[in-house]
Each structure stands twice: as structure tokens, then as C-alpha cells.
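Here are some exercises to work through with the structure open beside you. Try each task before you read its solution.

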Amino acid sequence: MSNRRRVILITDGDEYAKKAVEHVAKEIGGRCLSMSQGNPSKLTGAELVRLIKKTPHDPVLVMFDDSGIVGEGYGENALKYVALHKDIEVLGIIAVAAKSHHEEWTRVDISIDRDGELTPYGVDKYGIPELEIGRINGDTVYCLDELNVPIIVGIGDIGKMARRDSYKVGSPITKKAVELILERSGFHDKK
């Protein structure tokens, strides 16, 4: 039996994302590492791993944010550290679209649009499908292609998307992304 902690990494960390992720974590019986919230991220990868290990149970939802910093920023450095740590098992990543000035992008395995529909196309920050298959633009996605993770799900701006993902309506797009990762990773089969 492995003692590795099972986590979902999320490339957004503003206040809207925090409220949405906290809500979804409660709904699915997981834990949101609320201290990972920050725009940009404030904690180092080592600090985040220590906090992840202290949570009472899995899955742990962890937020990372570069706040538009060009290239590999603070959030991405922390994300890579966590993703590559020997005590962490990444179940999947929720790659959040943004309208960044420098147009960083990453591949995604699937996206969920603002209507909750699965699509092979990337989506923009409003959750509207883009023209390219399997790719989104964002500001904390620069390093995702370097990581070997089971699934990357693209979605619009967490907690927003023209209020369709607001925590006040249950953050259904974020919840669907988390549920998809749990299903595809076999999380429930390993309990």
C-alpha cells in the first residue's frame, strides 16, 4: 500500500477559485488546501507538500497561480515541485484558461465548456470552445507539458464563466472537472 498523497492540481488561485474549489472539495468528500490560494501563489512547493501531508484524507485539491507572470513563474515552480515529489501522486490537473498578454498555452486531454459539455477543443476564459483541438491559453500552464500526469482537463476561469461556475450555483464546471479526473484516475477503485 502506497503512502503517497493523491492530489488534483489546479492552475488558478484567486479568491473566486478558492471559493469554488472549497465548495467542490466538500461536495466530493475531498480536501481543499485553502492555504494554497494566492494571486500569485505565496507558498513554495516544499511548504505545500508539508501541508498536503497534514491533510486528513485524499483527494487534496491544490491551487497554483502565476498572476500573469511571463514564463515559469512562482506558481509554476511550486506546481512542478509538488507534481514531481516522491510522496505525491497527481491524479490530474485542471488547466484554467486565461487571457494572458503573452499567450502561454498547454495541451489538454479534454475540455469542459461553460455549459458543462465535454469537448476536444480548448476553451477560453469564459468557457467558450476555441478553434484548436487539445490546447488552451493560460498564465500558469507553461510547464504542464513537461509533466507526466494521467489527465489534463481544460476549463474556463474557475468560479466565473459568466457566473455559470459561481460557488453560489455549486461551481458545476469545476465539480465536473474534478469528478472526471477522479473517474479517469480510478481514484474510487483504489479506496
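Two strands pair if DSSP finds at least two bridges between them. Helices (H or I, at least four residues) and strands (E, at least two) are DSSP runs, numbered from the N terminus. The model is predicted, so local features need pLDDT of at least 70 and side-chain atom pairs count only at pLDDT 80 or more, while totals for chains, interfaces and linings use all residues. Residues are numbered from 1 along each chain as its sequence is written, and side-chain values use heavy atoms, with hydrogens and water left out.

**Exercise 1. The sheet**

Task: work out in which order the seven strands form the open sheet, and find which strands stand at the edges.

Solution.
Step 1. Reading across the open sheet, the order is β2-β3-β1-β4-β11-β6-β7, and the pairing is mixed.
Step 2. The edge positions belong to β2 and β7 (118-119); each has a single partner strand, so one side of each is left without a neighbour in the sheet.
Step 3. Now look at individual pairs. β1 and β3 run parallel and are joined by four bridges; here I8 stands opposite L61 in β3.
Step 4. Strand β1 (residues 5-10) also pairs with β4 in the parallel sense, over six bridges. L9 stands opposite I93 in β4.
Step 5. β4 in turn runs parallel to strand β11 (residues 152-155), with four bridges between them. A95 has G154 of β11 as its bridge partner.

**Exercise 2. Cover over a strand**

Task: decide how many residues of strand β4 are buried, and name the strands that α2 touches.

Solution.
Step 1. Take buried as under 20% relative accessible area, exposed as over 50%, and partly exposed as in between (1.4 Å probe, protein chains only).
Step 2. In strand β4 (residues 88-96), nine of nine residues are buried, and the strand is mostly covered.
Step 3. Contact means heavy atoms within 4.5 Å. Axes are lines fitted to C-alpha atoms, for helices over the stretch in contact, and angles run from 0 to 180 degrees between N-to-C directions.
Step 4. On that basis α2 packs on the sheet and touches β1, β3 and β4, its direction making about 130° with that of β1.

**Exercise 3. Two helix pairs**

Task: describe how α2 packs with α3, then do the same for α1 and α4.

Solution.
Step 1. Two packed helices are described by the angle between their axes and the distance between the axes.
Step 2. The axes of helix α2 (residues 45-54) and helix α3 (residues 74-84) come within 8 Å and cross at roughly 50°. Angles under 35 degrees count as roughly parallel, over 145 as roughly antiparallel, 65 to 115 as roughly perpendicular and the rest as oblique; α2 and α3 are therefore oblique to each other.
Step 3. The α2 residues in this contact are G45, A46, L48, V49 and I52, and those of α3 are A78, Y81 and V82.
Step 4. Sort by class: Ala, Val, Leu, Ile, Met, Phe, Trp, Tyr, Cys and Pro count as nonpolar, Asp, Glu, Lys and Arg as charged, and the others, Gly among them, as polar. The contact of α2 with α3 then has seven nonpolar, one polar and no charged residues.
Step 5. Helix α1 (residues 15-28) packs with α4 at an angle of about 50°, with the axes 9 Å apart, and that makes α1 oblique to α4.
Step 6. From α1, A20, V24, E27 and I28 meet T174, K175, V178, E179 and L182 in α4. By class, this contact of α1 with α4 has five nonpolar, one polar and three charged residues.

**Exercise 4. Backbone oddities**

Task: locate the cis peptide bond before P40 and the one before P59, then ask whether M161 is buried or exposed, and likewise R163.

Solution.
Step 1. The bond from N39 to P40 is cis, with omega near 10°; P40 lies in the loop between β2 (31-32) and α2.
Step 2. D58 and P59 are joined by a cis peptide bond with omega about -5°, and P59 sits in the loop between α2 and β3 (60-63).
Step 3. M161 is not a glycine, yet has a positive phi of about 50°. M161 is found in the loop between β11 and α4 (172-185) and counts as buried at 1% relative accessibility.
Step 4. R163, also not a glycine, has a positive phi of about 70°. At 70% relative accessibility, R163 counts as exposed.
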